[in-house]
Amino acid sequence: MIDEQVDRWGAYARRAHMPMGRHGSIAKQIHDDSQPLEHEPINYMEQAGFGGDMTREEAKLRMAYERRRQVLSKWALLETLDDRRAQNEGLVDFMDIIKNSTEHPGVPDEYRFAIRALRRLYIVREQLATKIGRVSTLDVSPYAQITVAIGEDVS
């Protein structure tokens, strides 16, 4: 779930460099996606298909998004993860540098939130990878790319 959401944010960040651009900042997208659902995930398949508001594929994607958001928001908001160190300290140190640049009073709160949420999800992802023995294969490039995009938006 974490990888799927980070890939989604990475795609959103990459669109910033396309001619069409994106609507809003990556920080706002992370902020919005990290908020808890105000309802239980909905079975959109009932509204999909012939005569429905969305296709069956759109319904599946929407349902997956809501399930991810329901779980990931708990981790993105978990402040106790802020004190945990990472095995890949270079990436976390880089995130912390960007976080420090967001501490300026003129920077909107969503930027501070976004970098903290991304860092927390990375820590959870790294801990899960360690438990199943895959920490050495954990690709950190999407996290770095999103961190850079947040930094570029702040500057």
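## Model and confidence

The chain averages a pLDDT of 83, and 91% of the residues score at least 70. The structure is a predicted model, and its confidence varies along the chain: helix 2 (residues 26-33) has the highest mean, at 91, whereas helix 4 has the lowest, at 80.

## Salt bridges that reach helix 5

Across the whole structure, 9 salt bridges are found. One of them joins D82 to R120, with the closest N and O atoms 2.7 Å apart. This pair connects distant parts of the chain, since D82 sits in the loop between helix 3 (56-76) and helix 4 (89-101), while R120 belongs to helix 5 (residues 109-131), 38 residues away. The two partners differ in their surroundings: D82 counts as partly exposed at 30% relative accessibility, and R120 counts as buried at 5%.

The neighbouring arginine in the numbering, R119, also takes part in a salt bridge, in this case with D96, and the closest N and O atoms are 3.2 Å apart. Because D96 lies in helix 4 and R119 in helix 5, the pair ties together parts that are 23 residues apart in sequence. Here D96 has a relative accessibility of 18% and counts as buried; R119, at 6%, is buried as well. Both values fall under the 20% limit that defines a buried residue.

## A salt bridge between D93 and R85

A further salt bridge forms between the side chains of D93 and R85, with an N to O distance of 3.1 Å. D93 is partly exposed, at 36% relative accessibility. R85 is likewise partly exposed, its relative accessible area being 44%.

## Helix 5 and its packing against helix 6

Helix 5 comprises 23 residues and spans 33 Å from its first C-alpha to its last, close to the 33 Å expected at 1.5 Å a residue. Just after this helix, G133 adopts a positive phi of about 80°.

Helix 5 packs against helix 6 (residues 141-154) at an angle of about 170°, and their axes are 10 Å apart. An angle over 145 degrees counts as roughly antiparallel, and helix 5 and helix 6 are therefore described as roughly antiparallel to each other. On the helix 5 side, the contact is made by Y111, A114, I115, L118, L121, Y122 and R125. Helix 6 contributes Y143, I146, T147, I150, D153 and V154. As a general point, an α-helix has 3.6 residues a turn, so residues three or four places apart point the same way.

## Helix 2 against helix 6

Helix 6 also meets helix 2: the two axes come within 8 Å and cross at roughly 120°. Helix 2 and helix 6 are therefore oblique to each other. The residues in contact are I26, A27 and I30 of helix 2, together with I146, A149, I150 and D153 of helix 6. Of the helix 6 residues, I146, I150 and D153 take part in this contact and are also listed in the contact with helix 5.

## The loop between helix 2 and helix 3

E46 lies in the loop between helix 2 and helix 3. The residue is exposed, with a relative accessible area of 68%. E46 and R56 are separated by 10 residues in sequence and by 9.2 Å in space, C-alpha to C-alpha.

Methods. Residues numbered from 1 in each chain as written. Heavy atoms only, no water. Salt bridge = Lys/Arg side-chain N within 4 Å of Asp/Glu carboxyl O. Helix = DSSP H or I, 4+ residues; strand = E, 2+ residues; numbered from the N terminus. Buried < 20%, exposed > 50% of the residue type's maximum accessible area, 1.4 Å probe, protein only. Expected span 1.5 Å × (residues − 1). pLDDT = per-residue confidence, 0-100. Axes fitted to C-alpha atoms, helices over the stretch in contact; angles between N-to-C directions. Parallel < 35°, antiparallel > 145°, perpendicular 65-115°, else oblique. Contact = heavy atoms within 4.5 Å.
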